Amino acid sequence: MLELGLLQATEIILCRSEFAGPGRISVVQWPAAEFETSNQKFHRDSGLLDGGLIVLALFVLLTALINREWIYVLFAAWLIVNLRLAAISAGWDTQWLERTIPPEWILLSRSLTTAVYYTLTITLFSKIFRDDLKRVGYLHLLRLAQWSCIPLLILAAVLPYEKYLPYMWISTAMSITVLIFYISRILIVTRSKVAMWYGMSLAIVLFASFYEVVAAAVGFKMLIGSVNFVTAALASSLMAALAIAEQMRQERLGRVRAETELRSTYEAIPIGLFTLDANGIFLRGNPALRKMLGVDPSRTEKESWTGHFEPGAWERLQEMVWRKTGEELEIRDSVTDEDKSRRFLVKATLARDMIEGSLQDITQRAKATARLRFLAENDPLTGVLNRHSIEEAFVGAMRGFASGQPLALAYLDLDRFKLINDLFGHVAGDEVLKQVCTRVGEMLADGHSIGRVGGDEFVIVFRNTPIRTATAICRGIVDWIGASPYQIGDKAFQVRGSIGLIEVADGTNVKDAMSAADRACREAKKGLHANLVVYEKNEAVFKEREEELRLIERLGTGVVPEGLFLVMQPIMSLRTPYDSLNFEILLRMRQPDNTITSAGKIISAGENNGRSAVIDRWVMSNALEWLDEHYDSLDQTRFACINLSGASLNDERFIHDAFSMLAQHGRAVGKLCIEITESVALHDLDNTRRFIDKVREFGAKIALDDFGAGYTSFSYLKELRADTLKIDGSFVLGVNTHPANLAIVEAIVELARNLGMKSVAEWAEDLATVEALAEVGVDYVQGFVIARPQLPDSILRARSSASFIEDERVAQYVRNYLARGQAVELWDQLRELRPKGSNS
């Protein structure tokens, strides 16, 4: 128009445009009347668009606020921004609601409008399809689109409009691609109607935007009047509204289904559900509650909480719901009879001014829990406490002991109870145990506790009871247990008990206390003190126990403790007392205070701590080394005995080490005699036989120790190739006072002779015993009457075992007996040389 000169010189050019990429501008000169008509149309269309979308946005906003659905607030904001984006497309963004926007704000408002529209679209999409997006996957693409919103908002605020546009179009292209991908996936995977409507909304926006770009670039304006961003904004808003409506419909259907299911659950659930008013009156209750309590809220006469439950239950319920801690309340009904009373578990919460909650009948569960608790704390047969609980009772009593209350502990063991089980069966034995516990319980006072710690063994804790009072009670228990027979059906059983009672000292732990009481009980079972032995504080037995514990601690390191040494007790031949030097090698331990601990205590401590093999390995190794070192000086020694514990003989590692030591000390092995107790030999006869055979292959001898102690059958002797029988000392001690003992010793000697074994009598303490043993033909004698244990150097200086005798009467007897024995032996030899049939 400028070039053609059609414009008058007085005309002023008002339009200035800058383009990035292809662009076209059309300039139309209108007559004044037509321009006025166009101006009016502009304002009408602008008002229609503004008004329509604003009303829709306000409707959605009010709906969101009423229903507290915050996703619809987001949708209302998206509608407003969508309106402003349409205004930019139509050129109406210079004003809003008949208010003119300052020219300097227009470009900034356009940048911010597009950036906010971009952000709200992605946010709204992610909220609407939150569940569907989890199903279709590829969430990293959505996160990429979401994170792109932040830099776009920043660029819209700081960059000029013409520099911001390229970033906006790049971000838009990326996000549109992501959204189209997700819409397609959702439609394929879920067939969602919400996705369909939202996809149509997005497609309209994309088509209108693309068409406007094409129209501006190439001048293709056939549809520009009907298809542009203004119509697209209206159509897309409508489609988005339909998507939101569809989602609301689906959510409503979901809520209806949930309410229906909840109503069915409410009616069918076996747990009582209730609603109470502020005064505890039942307002509602499901069938389970009505069945449980007989409550019917529909009755004219209202029923209250307090009428159905124990006193104080209403106050406890109010306290629980006001604290809002989510706790559970366990209450009982109003029935006072413990056996008929029911227990309930209550969960409740405060809902406005009402209490809503659940009630569950846990009577059977409570009974089962009580039963389990009883079984966890008590012996299931007798009903008294079990070991763990009686130990806990002792620990609790020790806390009172610290405040000055006396404490005593008793260990009760029934005598010969095993016979009842063996002869009449465990049913009869169990019934006897129940009756025994009933009798003992009748003798106990409040604060006293009894617990079963073994088959027929019990522990009684006398809390806050002086030792004299506890002694009197225990005496009564012993008498009452054996006072009358126990009637089981048509049978009657006489049972007696033995009790070991201790006065507990400060600082005593439960293990030590029970051990000391058990020791006292074992002493009482020997028939001493009328089956009741009492240990008061500071008695020697407690000191011995402390020494044993210290010894166990020293052995607990797994290495040989310091202070071990060997002594040797001579064993004298009664046939050639001056021609042999035999002995038993014994173990001793020197304590730091120079006191000497005997072998019995060391072995007991080793067995209690599982270190028997360590001790036996040390004894065997040192004994063989000493015999090997002094072999030439021991020409009179026929055998030197060592003891091995049963635990070591059952330890395969020790057995291997023992054979290795025997192989290493070849010549010394010929003088070694290994003692095995009769009880150990019979524990595992096959294993013992293999061990004995192997030891004899190395050249060592075998002696069966403590022979005759508790066993009546000697048939096993033919299975074991032993060289010597060591007669149990309990027979030897009473050989002169009990004729039966002498007869038993004589029988064992004869048995040994017939089996080709030598006999050794232990514990010979006086001359009379030696004389009796010699008369019945015992081969060897050992005991203090011959010699006490000697140090190794004393053995090396001696020529025979008889040289250690200090009692002159014994020495004289030995000499006379030797002379008489030699004469008899010479006479026997002459008789063998006499010709047959000769009387001379």
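## A starting question

Is R667 buried, partly exposed or exposed? With a relative accessibility of 43%, R667 counts as partly exposed, because that category covers values between the buried limit of 20% and the exposed limit of 50%. Keep in mind as you explore that this is a predicted model.

## R667 and its partner

R667 has a partner of opposite charge: it forms a salt bridge with D632, and the closest N and O atoms are 3.9 Å apart. D632 lies in the loop between α20 (612-629) and β18 (640-643), while R667 belongs to helix α23 (residues 666-669), so the pair ties together parts that are 35 residues apart in sequence. D632 itself is exposed, at 64% relative accessible area.

## Other salt bridges

How many salt bridges does a search of the whole structure find? The count is 28. In general, side chains of opposite charge can pair when their charged atoms come close.

Let's look at a few more. E310 pairs with R316, with 3.4 Å between the closest N and O atoms, and R316 is partly exposed at 35% relative accessibility. K491 and D490 also meet through their side chains, at 3.6 Å from N to O. Here K491 is partly exposed, with a relative accessible area of 38%, whereas D490 is exposed at 70%. Salt bridges can also join up into a network, as they do for E584, E675, K726 and E762.

## A five-stranded sheet

Now find the open sheet built from five strands, which follow the order β9-β10-β8-β13-β14 with mixed pairing. The edge positions go to β9 (448-452) and β14 (532-535); each has a single partner strand, so one side of each is left without a neighbour in the sheet. From one strand to the next, the twist averages 15°.

What holds such strands side by side? Strands of a sheet pair through backbone hydrogen bonds, either parallel or antiparallel. Strand β8 (residues 407-415) pairs with β13 (residues 496-503) in the antiparallel sense over eight bridges. Within this pairing, Y411 has G500 as its bridge partner, and L414 is matched with G497. β8 also pairs with β10 in the antiparallel sense, over seven bridges, and there A408 stands opposite F462.

## Covering strand β8

Is β8 mostly covered or mostly open? It is mostly covered, with nine of its nine residues buried. In a regular strand the side chains alternate between the two faces of the sheet. On one side of β8 you will find L407, L409, Y411, D413 and D415, and on the other A408, A410, L412 and L414; all are buried, and both faces are covered.

Two helices lie across this strand. Helix α13 (residues 387-401) lies across β8, β9 and β10 (457-463), running at about 20° to β10. Helix α16 (residues 467-481) lies across β8, β9, β10, β13 and β14, and runs at about 170° to β13.

## Out on the surface

For a contrast with β8, turn to the nonpolar patch on the surface formed by L62, L65, I66 and W70, which together have about 490 Å² of accessible area. Helix α1 (residues 32-67) gives the most to this patch, with three residues. L62 lies in that helix and is exposed, at 53% relative accessible area.

One last stop is D706 in strand β20 (residues 701-707). D706 is partly exposed, with a relative accessible area of 28%. Its C-alpha atom is separated by 9.6 Å from that of A761, although the two residues are 55 residues apart along the chain.

How values were computed: Residues numbered from 1 in each chain as written. Predicted model: local features only at pLDDT ≥ 70, side-chain atom pairs only at ≥ 80, totals over all residues. Heavy atoms only, no water. Pairing = 2+ DSSP bridges. Helix = DSSP H or I, 4+ residues; strand = E, 2+ residues; numbered from the N terminus. Axes fitted to C-alpha atoms, helices over the stretch in contact; angles between N-to-C directions. Contact = heavy atoms within 4.5 Å. Buried < 20%, exposed > 50% of the residue type's maximum accessible area, 1.4 Å probe, protein only. Patch = residues over 30% accessible without salt bridge, like charges linked within 9 Å, V, L, I, M, F, W, Y side chains within 5 Å. Areas by Shrake-Rupley, 256 points an atom, 1.4 Å probe, with all protein chains shown as cover. Salt bridge = Lys/Arg side-chain N within 4 Å of Asp/Glu carboxyl O.
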